[in-house]
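This briefing is intended for a reader meeting the structure for the first time. It begins with an annotated region and then turns to the DNA strands, the helix packing and the overall build.

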Number of protein chains: 2
Amino acid sequence: MTPRGRPRDTQVDERVLRIAAALIFERGYAGLSIDEVAEQAGVAKTTLYRRWPTKDHLAVAVVARLQADDEITDTGDIRADLVNYLEKIAAALNRMRAAGGREGPSAGVAGELVAAAARHEDIGRLAREQYARRNAMALALIERARVRGELRADLDAEVLFDQLAGALYYRVLITGAPVDRAYAERLVSSALEGSLTCPRS
Amino acid sequence: MTPRGRPRDTQVDERVLRIAAALIFERGYAGLSIDEVAEQAGVAKTTLYRRWPTKDHLAVAVVARLQADDEITDTGDIRADLVNYLEKIAAALNRMRAAGGREGPSAGVAGELVAAAARHEDIGRLAREQYARRNAMALALIERARVRGELRADLDAEVLFDQLAGALYYRVLITGAPVDRAYAERLVSSALEGSLTCPRS
DNA sequence: GCAATTACGCAACACAAGTTTCGTATTCGG
DNA sequence: CCGAATACGAAACTTGTGTTGCGTAATTGC
């Protein structure tokens with residue numbers, strides 16, 4: 001079952017992704033030119049399009065390979081675990097936001113990737129699978145804390161994670177406010193402790 | 001201090017926005033062509049670019065004019081008020097998501113607008129001003145509830161609103177999950193009541 | 001070795017966003 | 001009425017994405 005025809009040059013993938021990463025982080029998404037990548041990589045444009053059908057796909061591939069697989073830590077202290085996890089997400093978001101050398105509160109490359117997921121069904125599906133994987137890890141963490149009595153029995157874990165992750169994305173993508181460890185701590189405190197004067201009433 | 005030269009034809013703005021709205025909601029952002037809008041409106045392309053310097057600006061203008069100014073209701077029941085407010089935000093998001101006739105969990109036009117805000121400093125600034133206005137109204141609502149004793153005195157109002165609005169945006173833009181009134185109720189319950197087994201400990 | 005299959009490079013092309021140039025049309029201030 | 005300032009229309013142009021056609025190279029199955 002070996003593939004029939006001439007095999008692809010695997011060095012091309014490596015070289016192209018490296019060059020594209022340099023361009024996108026130096027000049028931003030708009031500064032990433034397919035023609036320039038092809039020229040710098042010494043390949044024809046058709047060779048690029050054989051691997052990544054659009055510029056969006058190439059950009060997603062570039063960013064995807066930098067995303068360290070966020071491993072989750074379970075120390076038994078749900079508050080600390082959540083803060084650590086959110087800090088990893090925030091770091092990834094800040095990396096993407098910094099791409100392009102912007103200074104202001106721009107969402108940078110992160111905003112373009114959201115649009116890419118909206119434009120192409122396959123990118124959207126891929127992204128949702130990634131988020132589902134992450135979500136499952138976080139839900140498992142929350143579930144363990146619930147079982148051992150740290151969290152309420154009638155907890156809505158899905159909503160809790162939406163609240164935490166959503167607040168980070170909202171600030172980066174929409175309001176442009178900063179996200180750092182201090183914010184993650186405020187966020188977890190607020191979500192865990194609630195807002196009512198007299199809860200469970 | 002009347003402007004010097006020939007005045008702009010105000011009918012053009014109206015006609016162009018109407019045509020652009022029809023195109024963007026029927027065929028999505030990619031199906032919005034400047035050339036086609038100009039042709040259908042019976043004006044030259046330069047006339048469009050005099051008013052909206054990029055396609056992104058035109059798209060933002062189209063969507064902005066449909067956004068009903070979300071008025072906030074203060075019934076004295078913070079839970080009900082928050083649910084109502086979130087439902088209005090969700091309705092606006094669902095409208096944008098529906099644009100383009102997609103079916104799947106795509107973010108539709110909403111994703112493109114996020115990218116537009118990331119690409120153009122002025123659009124980003126405008127958007128942040130809008131969100132700041134909305135945020136201020138929500139914060140005032142929360143503050144009143146806090147003063148009358150419904151909410152905790154040491155509440156972090158900024159984070160609370162990020163949690164609520166952020167979860168909605170996160171689902172629409174990132175995970176593609178649905179947002180409706182039932183979800184808004186789960187969200188408010190979770191945020192208000194907290195997650196800890198024994199809060200204030 | 002030979003046919004089928006796939007990859008590659010090259011060049012031309014289609015298409016849309018955005019720009020430039022230039023001639024003409026309005027409006028205001030004097 | 002005249003000149004400055006701005007708007008409009010038409011057309012050519014630039015740039016970048018993405019496509020197509022074709023000749024050539026590499027690999028597999030036979």
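Over residues 33-52 of chain A, the chain is 75% helix and 0% strand, and the C-alpha atoms at the two ends lie 13 Å apart. These residues of chain A carry the annotation "DNA-binding region" in an unreviewed UniProt entry. The model is predicted.

**Surroundings of DNA strand C**

- DNA strand C has 28 residues around it, and those that come nearest are A:Arg6, A:Thr47, A:Arg51, B:Lys45 and B:Lys55. Of the atoms of DNA strand C that come within 4 Å of the protein, 65% are accounted for by sugar and phosphate.
- Three elements each supply at least two residues of the surface near DNA strand C: α3 (45-51) of chain A, and α2 (34-41) and α3 (45-51) of chain B. The largest share comes from α3(A), which contributes four residues.
- By class, this surface near DNA strand C consists of eleven charged, nine polar and eight nonpolar residues.
- At the bases of DNA strand C, an N or O atom in the side chain of A:Thr46 is 3.3 Å from a base nitrogen. An N or O atom in the side chain of B:Lys45 is 2.7 Å from a base oxygen of the strand.
- At the backbone of DNA strand C, a phosphate oxygen lies 3.0 Å from a polar side-chain atom of A:Arg50.

**Surroundings of DNA strand D**

- DNA strand D is surrounded by 28 residues, of which A:Pro7, A:Lys45, A:Lys55, B:Arg6 and B:Asp9 are the closest. Sugar or phosphate makes up 65% of the atoms of DNA strand D within 4 Å of the protein, and bases make up the rest.
- A base nitrogen of DNA strand D lies 3.3 Å from a polar side-chain atom of B:Thr46. An N or O atom in the side chain of B:Thr47 is 2.9 Å from a phosphate oxygen of DNA strand D. A polar backbone atom of B:Arg6 is 3.3 Å from a sugar or linking oxygen of DNA strand D.
- Two or more residues of the surface near DNA strand D come from each of α2 (34-41) and α3 of chain A and α3 of chain B. The element that gives the most is α3(B), with four residues.
- The surface near DNA strand D comprises eleven charged, nine polar and eight nonpolar residues.

**Helix packing within each chain**

- In chain A, the axes of helix α1 (residues 10-27) and helix α4 (residues 55-66) come within 9 Å and cross at roughly 90 degrees. The helices α1(A) and α4(A) are therefore roughly perpendicular to each other.
- The residues of α1(A) in this contact include A:Val16, A:Leu17, A:Ile24 and A:Phe25, and those of α4(A) include A:Leu58, A:Val62 and A:Arg65. The contact of α1(A) with α4(A) has eleven nonpolar residues, two charged residues and no polar ones.
- In chain B, helix α1 (residues 10-27) and helix α4 (residues 55-64) pack with their axes 9 Å apart, at an angle of about 90 degrees. It follows that α1(B) and α4(B) are roughly perpendicular to each other.
- From α1(B), B:Val16, B:Leu17, B:Ala20, B:Ala21, B:Ile24 and B:Phe25 meet B:Leu58, B:Ala59, B:Ala61 and B:Val62 of α4(B). The contact of α1(B) with α4(B) has ten nonpolar residues, with no polar and no charged ones.

**Helix packing between the chains**

- Helix α8 (residues 157-175) of chain A packs with helix α9 (residues 181-193) of chain B at an angle of about 80 degrees, and their axes are 9 Å apart. This angle makes α8(A) roughly perpendicular to α9(B).
- On the α8(A) side, A:Glu158, A:Val159, A:Leu160, A:Asp162 and A:Gln163 take part; they meet B:Tyr183, B:Arg186, B:Leu187, B:Ser190 and B:Ala191 in α9(B). The contact of α8(A) with α9(B) divides into five nonpolar, three charged and two polar residues.

**Overall build of chain A**

- The secondary structure of chain A consists of nine helices and zero strands. From the N terminus on, its elements run α-α-α-α-α-α-α-α-α.
- The C-alpha trace of chain A spans about 70 × 50 × 30 Å along its principal axes.

Technical notes: Residues are numbered from 1 along each chain as its sequence is written. Chains are lettered from A and ligands numbered from 1 in the order in which they are written. Side-chain values use heavy atoms; hydrogens and water are left out. A residue is near a molecule or strand if one of its heavy atoms lies within 4 Å of it. A polar contact is a pair of N or O atoms within 3.5 Å; within protein, one must be able to donate a hydrogen and the other to accept it, and residues adjacent in sequence count only if both atoms are side-chain atoms. Ala, Val, Leu, Ile, Met, Phe, Trp, Tyr, Cys and Pro count as nonpolar, Asp, Glu, Lys and Arg as charged, and the others, Gly among them, as polar. UniProt positions are given in the numbering used here, feature names are shortened, and annotations may be inferred rather than shown by experiment. Axes are lines fitted to C-alpha atoms, for helices over the stretch in contact, and angles run from 0 to 180 degrees between N-to-C directions. Angles under 35 degrees count as roughly parallel, over 145 as roughly antiparallel, 65 to 115 as roughly perpendicular and the rest as oblique. Contact means heavy atoms within 4.5 Å.
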